[in-house]
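User: I would like to go through the packing, the empty spaces and a few individual residues of this model. Could you take my questions one at a time and give the reasoning behind each answer?

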Amino acid sequence: MEKVKIKSLGYLDLILLPECRALLSEWSGGALNRDIKAGLEMALAEYKKCEPGTQWIGDTTHIGIIGDEDQAWINNDWVPRFMATGVKYMAVIQPASIIAKLNVKNILQTYEGTNLTVFNCGTLEEAAGWMKTVNKE
């Protein structure tokens, strides 16, 4: 699978996956709570530059614990702006940490009742495979 790295903050890499028309946000274990906002802001800015029809894959395998304040910011501020881009499909590679997994689950509940289809999986290969089947427009 071709990967084109477009930005990096050390704890977050943004990678285009042309084969499945998706932007991959790949978090490393080095992200601190203060980094979550900066990383998501950068990711959203870069996503807005992508070709129409590009979708989102979030690799949260190595993300750290997301504090309550950051979860509230993501749910109330970032998610509405992300949804306004017209994104239709998002695959989320689940965190290894049980606590981080609960954090991500709480955030993903924000998308319930929206037009966004979310696929939870365990690997990039699963995410990319699913994305190829749904993102054919």
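The questions below concern a predicted model, and they move from the core to the cavity and pocket and then to single residues.

User: Which element gives the most residues to the largest nonpolar core?

Analyst: The largest nonpolar core has 29 residues, and the members that touch the most others are Trp56, Ile74, Trp78, Phe82, Met90 and Tyr111. Strand 2 (12-17), strand 3 (22-27), helix 1 (33-48), helix 2 (68-83), strand 5 (89-93) and helix 3 (98-108) each supply at least two residues of this core. The element that gives the most, with 6 residues, is helix 1.

User: How many residues does the second, separate core have?

Analyst: Besides the largest core there is a second one, separate from it, and among its members are Leu17, Ala22, Ile57 and Trp130. The count of residues in this second core is 15.

User: What is the volume of the largest cavity, and which residues lie nearest its centre?

Analyst: The count of cavities of 30 Å³ or more comes to 1. The lining of the largest cavity has 14 nonpolar, 3 polar and no charged residues, and helix 3 gives the most to that lining, with 3 residues. The volume of the largest cavity is about 250 Å³, and of its 17 lining residues those nearest the centre are Trp27, Leu40, Thr60, Trp78 and Ile107.

User: How many charged residues are in the lining of the largest pocket?

Analyst: The largest pocket has a volume of about 190 Å³, and its lining includes Ile6, Leu16, Pro18, Arg21, Glu46, Lys49 and Glu51. Sorted by class, that lining has 7 nonpolar residues and 1 polar residue, while the number of charged residues is 4.

User: Why do the buried residues of helix 3 lie on the same side of the helix, and what is the arc they cover?

Analyst: The buried residues of helix 3 are Ala100, Asn103, Val104, Ile107 and Leu108. What covers them includes helix 2, strand 5 and strand 6 (117-121). These buried residues are on the same side of helix 3 because the arc they cover around the axis is only 135°.

User: What is the phi of Arg21, and is this residue buried or partly exposed?

Analyst: Most residues other than glycine have a negative phi. Arg21, which is found in the loop between strand 2 and strand 3, is not a glycine, yet its phi is positive, at about 50°. With a relative accessible area of 27%, which falls between the limits of 20% for buried and 50% for exposed, Arg21 is partly exposed.

User: Is Gln55 buried or exposed, and where does it lie?

Analyst: Among the residues that Gln55 touches, leaving aside those up to four places away in sequence, are Arg21, Leu23, Tyr47, Val87 and Asn135. The relative accessible area of Gln55 is 4%, so this residue is buried, and the element in which Gln55 lies is strand 4.

User: What separates the C-alpha atoms of Tyr11 and Leu124 in space?

Analyst: Tyr11 lies in the loop between strand 1 (4-8) and strand 2, and at 12% relative accessibility it counts as buried. Along the chain Tyr11 and Leu124 are 113 residues apart, and the separation of their C-alpha atoms is 18 Å.

Definitions and conventions. Residues numbered from 1 in each chain as written. Predicted model: local features only at pLDDT ≥ 70, side-chain atom pairs only at ≥ 80, totals over all residues. Heavy atoms only, no water. Core = buried A, V, L, I, M, F, W, Y, C linked by side-chain atoms within 4.5 Å. Buried < 20%, exposed > 50% of the residue type's maximum accessible area, 1.4 Å probe, protein only. Helix = DSSP H or I, 4+ residues; strand = E, 2+ residues; numbered from the N terminus. 1 Å grid on protein atoms, 1.4 Å probe; cavity = no way out; pocket = protein on both sides within 12 Å on 5 of 7 lines; lining within 4 Å. Points joined across faces, edges and corners; volume = space filled by probe spheres on them. Nonpolar A, V, L, I, M, F, W, Y, C, P; charged D, E, K, R; others polar. Arc of directions from axis to C-beta. Contact = heavy atoms within 4.5 Å.
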